[in-house]
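Hi,

Here is the structure I promised to pass on to you. Have a look at it first, and then read on for what I found in it.

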Amino acid sequence: MSRAGNWVMRAGGGTIRAGDWAIGAGMAAILLVTALSAPAPALAPLGYALLAAGGLALAAHRRAPVAVLAAAGLSALGAQAIGVDVPALAYLFAVFAAVRAGRRLVAVAATVVMLAALPFVLLISHEETVGAAFAHSRDVLQLAWLVAAGAAGEAVRQAERRADEAERTREETARRRADEERLHIARELHDSLTHQISVIKVQAEVAVHLARKRGEEVPESLLAIRDAGREAARELRATLEALRDDDTSPPRGLDDVPELVRRARSTGLETTLTIDGERDDVPAAVQRTAYRIVQESLTNVARHARAAGASVHIGYRPGAVEIRVDDDGTATVDAPPSPGVGLLGMRERVTALGGRLVAAPRDDGGFRVHAELPVERVP
């Protein structure tokens, strides 16, 4: 069942709604009841079958309006040829559906053929005079009914087109407002944070430079402030670029993980990267989360783990991407570190994707961050 609660059935690679099946079955029932109330010719069962087929064909009027138009017309002509005298109601609905689908010329051409063929069919089947056959054909398929069906189809088509245009306009308006809000946020971030972070970074770098120039030992806290300032400045620039232009400045992803590893090595942390499995299309949200997990994990290793080395493993599994970051730091099972904001943020990102995250000390020492991110496979 669909989200709206409408039952559908597969047909020819598409779906036919329950309401469409009801239309087809209802029309077939009306035609059969009308035919059974009239005198039955010798080949009446075949005529009843043709009427039922023409009515049931209407179930596919959304998917194949032209084919339904042809089926309804042929079933009406066939029933009249056999002698089953029933108004061509199914054909009228098929004309409505064809015009609604934008096939006006096809509907007009088919109707001309029907109006021309119907008197000849009646001449053959009912053995009437020419005048009587033309008069009888007006009862089977009146021109006023055809005009009304076509006009109704055109009116519905125009109404649906206006509704689609209104929906597109609403989406464009919402997108424009989102872009304006995004640019506003970018300006606010730039005005409120860029200057302060730049001052912190410059002051820390100057302090480190002066301490080394005098031959003094640089405090670890000062180095941490300098590194944090650099990282904050990079992240702020990337965030501002993404906010200002989502299309030309795509977010970081799995292709950027080697750069994270290279930067970790440049700080003196022996870091390795291993990748296994075959990478298919990975959604952007999964790539962003994977990048942030590796980034936050390596940042925590550098700041808190007192580790000499770390390893990053990325595994592509059927339906999932596995991220694992290990270090050989001082964390133990008996004395696990208290989770900080970084670990909480990672857990929120993974949970939002429906994944699983384990962040805990290893049995043989050190710390491990292990995440499994589901990947939706599009058939």
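Val294 is a good place to start: in this predicted model, its relative accessibility is 0%, and because buried means under 20%, Val294 counts as buried. You will find Val294 in helix α10, which covers residues 284-305. Leaving aside residues up to four places away in sequence, Val294 touches Val257, Leu260, Val312, Ile323 and Val325. Take Val312 from that list: Val294 and Val312 are 18 residues apart along the chain, and their C-alpha atoms are separated by 7.4 Å.

Helix α10 also turns up at the largest pocket, so to speak of that next: the space in this pocket comes to about 1,000 Å³. Which residues are closest to the centre of the largest pocket? Of the 27 that line it, they are Asp227, Thr267, Thr299, Ala302 and Arg303. Two or more lining residues come from each of α8 (220-244), α9 (257-266) and α10. The most are given by α8, with 9 residues. By type, the lining holds 12 nonpolar, 6 polar and 9 charged residues.

Now for helix α4, residues 89-100. With 12 residues at 1.5 Å a residue, α4 should span 16 Å, and this agrees with the 17 Å between its end C-alpha atoms. Is α4 mostly enclosed or open? Since 9 of its 12 residues are buried, α4 is largely enclosed by the rest of the structure. The buried ones are Ala90, Tyr91, Leu92, Ala94, Val95, Phe96, Ala97, Ala98 and Val99. Just after α4 comes Gly102, with a positive phi of about 90°.

One of those buried α4 residues, Ala97, is also a contact of His61, my last stop. His61 sits in the loop between α2 (44-56) and α3 (65-82). Is His61 buried or exposed? Its relative accessible area is 4%, so His61 is buried. A polar atom of the His61 side chain lies 2.6 Å from the backbone oxygen of Leu58. Not counting residues up to four places away in sequence, His61 touches Asp20, Ile23, Val68, Phe93, Ala97 and Arg100.

If you want a short tour in the viewer, try Val294 in α10, then the pocket lining from α8, α9 and α10, and finally His61 in its loop between α2 and α3.

Best wishes

Note on methods: Residues are numbered from 1 along each chain as its sequence is written. This is a predicted model: local features need pLDDT of at least 70, side-chain atom pairs count only at pLDDT 80 or more; totals for chains, interfaces and linings use all residues. Side-chain values use heavy atoms; hydrogens and water are left out. Helices (H or I, at least four residues) and strands (E, at least two) are DSSP runs, numbered from the N terminus. Buried means under 20% relative accessible area, exposed over 50%, partly exposed in between (1.4 Å probe, protein chains only). Contact means heavy atoms within 4.5 Å. On a 1 Å grid over the protein atoms alone, a cavity is a set of points where a 1.4 Å probe fits but cannot get out, and a pocket is an open set with protein on both sides within 12 Å along at least five of seven lines; lining residues have an atom within 4 Å of a point. Grid points are joined across faces, edges and corners, and a volume is the space filled by probe spheres set on the points. Ala, Val, Leu, Ile, Met, Phe, Trp, Tyr, Cys and Pro count as nonpolar, Asp, Glu, Lys and Arg as charged, and the others, Gly among them, as polar. The expected span of a helix is 1.5 Å times one less than its number of residues. A polar contact is a pair of N or O atoms within 3.5 Å; within protein, one must be able to donate a hydrogen and the other to accept it, and residues adjacent in sequence count only if both atoms are side-chain atoms.
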